[in-house]
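The following exercises concern a single protein chain and are to be worked with its sequence and three-dimensional structure in view. Each task is followed by a solution in steps.

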Amino acid sequence: MITRTRYYGGQTFADFMAHPIRSQEMWAAVAHRVSIPLDMAARVEALHGHWHLLILSEDWCGDSINIVPIIAKLTESVSNLDMRILARDENPDIMDAHLTGGKSRSIPIVILLNPKFEECGWWGPRPRALQKWVMEEGKSLTKEDRYKQIRTFYARDRGLTTMLEIVEMLEECCVRGPAPPISSREASA
């Protein structure tokens, strides 16, 4: 499903930003304010091999606006990690293998590939604490109020939770190795 060729066919963050996208100013603002803590970069640099993050996203997605620039900045700050973006709607086979809760096509989805381009794990569509809040307390709010609270979380957090969870996934996968094929994971679930 994900090959080296397909991965490198995705856009870099710079390529993504160079084209007209929805909410361009918001994407640029998040990218501009991101700061990667030195200890976070050091944790990634300590991993062996060169790792790849494939992100399924769309330019209209508010969560993507608040997450993708952070991951892009992380990959730019280290020498052993790169990133490509694929459009969710143009890659249904990848999206359908990474459904949130087994049924939702929520984005962004960040897929970790090892140096051999084998999938080792995936993350998304939001930091765990925020996703839990959305699925529990957030459901009782109107869409407008829910998204106001989500934006408040992202503004206060400044990407730290996203960075931490991505780095933890990298560290875990570096130790554990590639994940079993998707079909094996579905059979055991």
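**Exercise 1.** At roughly what angle do the axes of helix 3 and helix 5 cross, and within what distance do they come? Classify the crossing and describe the contact.

*Solution.* The model is a predicted one.

Step 1. Helix 3 spans residues 24-33 and helix 5 spans residues 62-76; their axes come within 8 Å and cross at roughly 40°.

Step 2. Angles under 35 degrees count as roughly parallel and those of 65 to 115 as roughly perpendicular. The crossing angle therefore makes helix 3 oblique to helix 5.

Step 3. The crossing of helix 3 with helix 5 is right-handed.

Step 4. Helix 3 contributes Met26, Trp27, Val30, Ala31 and Arg33 to the contact, and these meet Ser64, Ile65, Asn66, Val68, Pro69 and Lys73 of helix 5. By class, the contact residues comprise 7 nonpolar, 2 polar and 2 charged.

**Exercise 2.** Determine which residues of helix 4 and of helix 7 are buried, and how they are arranged about each axis.

*Solution.*

Step 1. A residue is buried under 20% relative accessible area and exposed over 50%. In helix 4 (residues 38-45), the buried residues are Met40, Ala41 and Val44.

Step 2. These residues lie on the same side of helix 4, because they cover an arc of only 95° around the axis. Leu38 and Asp39 are exposed on the other side of helix 4.

Step 3. In helix 7 (residues 128-135), Leu130, Gln131, Trp133 and Val134 are buried. The buried residues of helix 7 fall within an arc of 160° when seen down the axis, so they line one face.

Step 4. Arg128 and Ala129 are exposed on the other side of helix 7. Helix 8 (143-157) is included in what covers the buried residues of helix 7.

**Exercise 3.** Locate the cis peptide bonds described here and the non-glycine residues with positive phi.

*Solution.*

Step 1. Ile107 and Pro108 are joined by a cis peptide bond with omega of about 5°. Pro108 belongs to the loop between helix 6 (92-96) and strand 3 (109-113).

Step 2. A cis peptide bond also links Gly124 to Pro125, with omega of about 5°; Pro125 sits in the loop between strand 4 (119-123) and helix 7.

Step 3. Ser23, in the loop between helix 2 (13-18) and helix 3, has a positive phi near 55°. Its relative accessible area of 31% makes Ser23 partly exposed.

Step 4. Phe117, in the loop between strand 3 and strand 4, has a positive phi of about 65°. Phe117 counts as buried, at 6% relative accessibility.

Terms used: Residues numbered from 1 in each chain as written. Predicted model: local features only at pLDDT ≥ 70, side-chain atom pairs only at ≥ 80, totals over all residues. Heavy atoms only, no water. Axes fitted to C-alpha atoms, helices over the stretch in contact; angles between N-to-C directions. Helix = DSSP H or I, 4+ residues; strand = E, 2+ residues; numbered from the N terminus. Parallel < 35°, antiparallel > 145°, perpendicular 65-115°, else oblique. Left-handed = near helix turned anticlockwise from the far one by under 90°. Contact = heavy atoms within 4.5 Å. Nonpolar A, V, L, I, M, F, W, Y, C, P; charged D, E, K, R; others polar. Buried < 20%, exposed > 50% of the residue type's maximum accessible area, 1.4 Å probe, protein only. Arc of directions from axis to C-beta.
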